[in-house]
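Have a look at the structure below. Then work through the questions one by one.

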Amino acid sequence: TQAGQDQVVPQGRSNASKLVALVEDPASKLPADAVPILKVLAATLAQLNEEIAGLDAEISRRAKENDVARRLMTVPGIGPLIATAMAVLARCQWIYLWLFFCIVFRGA
């Protein structure tokens, strides 16, 4: 790029939307050769976000349907993902012992 035409977007998930907006803006000063590739990456990111949202919804649904997971989610810091994973492992009595020690040593 020529001096003064660089586009800088900070790293991180929260800044991805800024980068996508920059790619979709026809008035941006991005190099014309880079725009098609960046549009493919932006579309891929959008597809991944949709898939992740679907998986999050499925995990939340399963957590709400499972009695053990619902009870585990009452513990501070345990959300649907961890509760569902622990509910799957609930057949093992050691998980309850581990959870007890985590709560005791955390000071909850």
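The questions and answers below go from the whole chain to single residues.

Q: How many helices are there in the chain of this predicted model?
A: The model is predicted. The chain has zero strands. Along the sequence its pattern reads α-α-α-α-α. The number of helices is five.

Q: What percentage of the residues of the chain count as buried?
A: A residue is buried when its relative accessible area is under 20%. The chain has 108 residues. The part of them that counts as buried is 19%.

Q: How are H1 and H2 oriented to each other: roughly parallel, roughly antiparallel, roughly perpendicular or oblique?
A: H1 covers residues 16–24, and H2 covers residues 35–65. Their axes are 10 Å apart, and the angle is about 140°. Angles over 145 degrees count as roughly antiparallel, and those from 65 to 115 as roughly perpendicular. The angle here falls in neither range, so H1 and H2 are oblique.

Q: Which residue in the contact of H1 with H2 is charged?
A: H1 brings Ala 16, Val 20 and Val 23 to the contact. H2 brings Val 35, Leu 38, Lys 39, Ala 42 and Leu 45. By class, seven residues are nonpolar, none is polar and one is charged. Lys counts as charged, so the residue is Lys 39.

Q: Is Leu 38 buried or partly exposed?
A: Leu 38 lies in helix H2. Beyond four places in sequence, Leu 38 touches Val 23 and Leu 30. Its relative accessible area is 24%. Buried means under 20% and exposed means over 50%, so Leu 38 is partly exposed.

Q: How many Å apart are Leu 38 and Leu 19 in space?
A: Along the sequence, Leu 38 and Leu 19 are 19 residues apart. In space, the distance from C-alpha to C-alpha is 9.2 Å.

Q: Is Asn 15 buried or exposed?
A: Asn 15 sits in the segment before H1. Setting aside neighbours within four places in sequence, Asn 15 is in contact with Val 9 and Pro 10. Its relative accessibility is 10%. The cut-off is under 20%, so Asn 15 is buried.

Q: At roughly what angle do H2 and H4 cross?
A: The axes of these two helices come within 9 Å. Their crossing is left-handed. H2 and H4 are oblique to each other. The angle is roughly 55°.

Q: Which polar residues are in the contact of H2 with H4?
A: Ile 59, Ser 60 and Ala 63 in H2 meet Pro 80, Leu 81 and Thr 84 in H4. These residues divide into four nonpolar, two polar and no charged. Ile, Ala, Pro and Leu count as nonpolar, so the polar residues are Ser 60 and Thr 84.

Q: Which helices each supply at least two residues of the largest nonpolar core?
A: This core has eleven residues. Among them are Val 68, Ala 69 and Leu 72, which fall within 67–72. Also among them are Ala 83, Met 86 and Ala 87, which fall within 80–88. The helices are H3 and H4.

Q: What distance separates the C-alpha atoms of Asp 67 and Ala 87?
A: Asp 67 is in helix H3. At 44% relative accessibility, Asp 67 counts as partly exposed. Asp 67 and Ala 87 are 20 residues apart along the chain. Their C-alpha atoms are separated by 8.5 Å.

Technical notes. Residues numbered from 1 in each chain as written. Predicted model: local features only at pLDDT ≥ 70, side-chain atom pairs only at ≥ 80, totals over all residues. Heavy atoms only, no water. Axes fitted to C-alpha atoms, helices over the stretch in contact; angles between N-to-C directions. Helix = DSSP H or I, 4+ residues; strand = E, 2+ residues; numbered from the N terminus. Parallel < 35°, antiparallel > 145°, perpendicular 65-115°, else oblique. Contact = heavy atoms within 4.5 Å. Core = buried A, V, L, I, M, F, W, Y, C linked by side-chain atoms within 4.5 Å. Buried < 20%, exposed > 50% of the residue type's maximum accessible area, 1.4 Å probe, protein only. Left-handed = near helix turned anticlockwise from the far one by under 90°.
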